[in-house]
Amino acid sequence: MLAFHKLLTFVLLVGQAWAIPSGGAELYDFKEYKVKEALLRPPVGWTLVGEAPSDHIISLRVGLPQSNFEALEQHLFEVSDPDHSRYGQHLSKEEVEELVAPPPESLKKVNAWLKAHGFKEIELDRSPAKDWVSIKVPVKIAEQMLRTKYHVWKHEESGDKLVRTTSYSLPEELHDHIEVIQPTTMFSRFNAMKSTIHWPEAEKKATLTYKPPTAASDARLAAIDPSCSQTITASCLHQLYKTGGYVQKATKKNSIGITGYLEQFANFADLKAFYEEQVPEAANSTFEVVAVSGGLNSQAPEEAGFEANLDVQFAFGLTHPVPGTYWTTGGRPPFKPDLTTPENTNEPYADWVDLVLKQKSVPHVISTSYGEPEQTVPEAYARRVCNSFAQLSARGVSLVFASGDGGVGDGWDDPERHRCRTNDGRNITRFLPTFPSTCPYVTSVGGTTDIPEISVFFSGGGFSDYWPRPAWQERHVEQWFKGIPKDLYKDLYNPAGRGFPDVAAQGTKFRVWVGGNPFSIGGTSASSPAFAAVVALLNDARLAKGRKPLGFLNPVLYAKGYAGLNDITGGHSNPGCGTPGFNSTEGWDPITGLGTPDFLKLKEILT
């Protein structure tokens, strides 16, 4: 890959010593400490209880700067641009790691600092590119390293307790060489989160913005079983998205993955029941389970997870016999509580992505049905996790995320009941975009309902407050802005931000087996694995022709693929934050994106 190696000549990474060298600490002056991060005031809802036990163990995660992330991003866009000569020439694991490895000076100084505090190389857990290093330390050592004082804090509403500090310092010499350390000022709670799952009994009806077509007026709908209007099965999705009848030719080269968090267990007996009912040819098949950070996958019927079962049954059922992987991840990441997320609903994305980045072979498409308000994720943490997603995307992995189930924020259109308040001290009303869907290196999937398809009221959508709008979606999003009042929801969102979702799929009335019984459930949790399944089948078509998998989808979807999507031009708005939210319209919109997949058209365009 000539262009890659030519660019790397400008990256001075030769001769890096990853291990902590003998000696070296004395070369640096670590005496002058300066505050690295501090909270202006303790987070709302938390009360200081007392000093933290000195022997309490903390797992500190230190983020070093990534030396040439801009170059990685350039490579990612080139290999994902259908009009570029490098389209499909994804980077290798080693090439990606070389681009994001820390500068040699950062490694030297951080290594010396750790050595000065008595750490040996064997005690350090480094990420594949060495841009993260984790250490387990007692509170008393962490306090010495960070010139801080840890305390026990109690969450007033729940009674949960945790050990955190409201500020920490680093040697001034290290400020340019360490981007983030946590857990420090990021308050997190270890409670089960609400996923983006949506229950039918909680449905409400918003006003339709148009009269949808009927089977009589749309020939495409005439071939769909009428029962699909009441219950969505694997067969219904095959009919709706035209994947039925496709004969796979490259299953041994293909792969699909599902991520699981928060003790969501994928049950094999339920999968068998689902297969026997909806995909009988798959009844004796299974999937691989990979544990991350102590994640479990209990097979007790009463512990079967609605989210996990929904994801694996439809993702693997729609793509059988493509090999499937389910990751079950334990733990929680940093979290800043706000009114819409009083519990810790953040997932340990960093733990999962670190493990996956260490693997030589990764599934070609991976679906994740979890998310949280962007503002509850510390921006430095969010950016680093998003950059890790970029590393996977550059390697040719399609990362698909549910856009969320709160519309433009919390799902409430009543100005008196909404909970969309900023947690930056201003406490003002603002829409709440969903992370990781707002990360510009993943594909965000919104929801639809009914047949013919219309936008569903809970579909998360809007604009990021962290990331600007990428060039690949500029034309489509600008066209949408031309069709709305100039001052619509002024100051409630960032009109220059990355717009989401990118695409959509069915999100209601999915027939799923849990604990030995069938249930009808949905949410963009259902939309994400459904769309990912279509991507897996498109990968099969490409692999069968000797081509590479699709990889990062967004540039090609916005450039050409939109012609292979069913534009959703009406339906319910996605209310939230005391407003009716946005409407689905012709072209891209912040509720259904570019639309839902038409496999036959996409296969013609993308393979």
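In this predicted model, strands β23 (residues 510–514) and β24 (residues 517–523) run antiparallel and are joined by 5 bridges. Within this pairing, V512 has F519 of β24 as its bridge partner. The two strands form a hairpin with 2 residues between them. In that hairpin, G515 adopts a positive phi near 60°.

An antiparallel arrangement also appears in an open sheet of 3 strands, ordered β2-β6-β7. The edge positions are taken by β2 (46–51) and β7 (161–164). Each edge strand has a single partner, so one of its sides lacks a neighbour in the sheet. From one strand to the next, the twist averages 35°. Strands of a sheet pair through backbone hydrogen bonds, in either a parallel or an antiparallel sense. Here, 5 bridges connect β2 to β6 (residues 151–155), and the pairing is antiparallel. Along these strands, G50 lies opposite V152 of β6.

Helix α9 covers residues 306–319 and contains 14 residues. Its expected span, at 1.5 Å a residue, is 20 Å. The C-alpha atoms at its ends are 20 Å apart, which agrees with that expectation. Burial was assessed for the helix with a cut-off of under 20% relative accessible area. Of the 14 residues of α9, 13 are buried. The helix is therefore largely enclosed by the rest of the structure.

Technical notes:
Residues numbered from 1 in each chain as written. Predicted model: local features only at pLDDT ≥ 70, side-chain atom pairs only at ≥ 80, totals over all residues. Heavy atoms only, no water. Pairing = 2+ DSSP bridges. Helix = DSSP H or I, 4+ residues; strand = E, 2+ residues; numbered from the N terminus. Axes fitted to C-alpha atoms, helices over the stretch in contact; angles between N-to-C directions. Expected span 1.5 Å × (residues − 1). Buried < 20%, exposed > 50% of the residue type's maximum accessible area, 1.4 Å probe, protein only.
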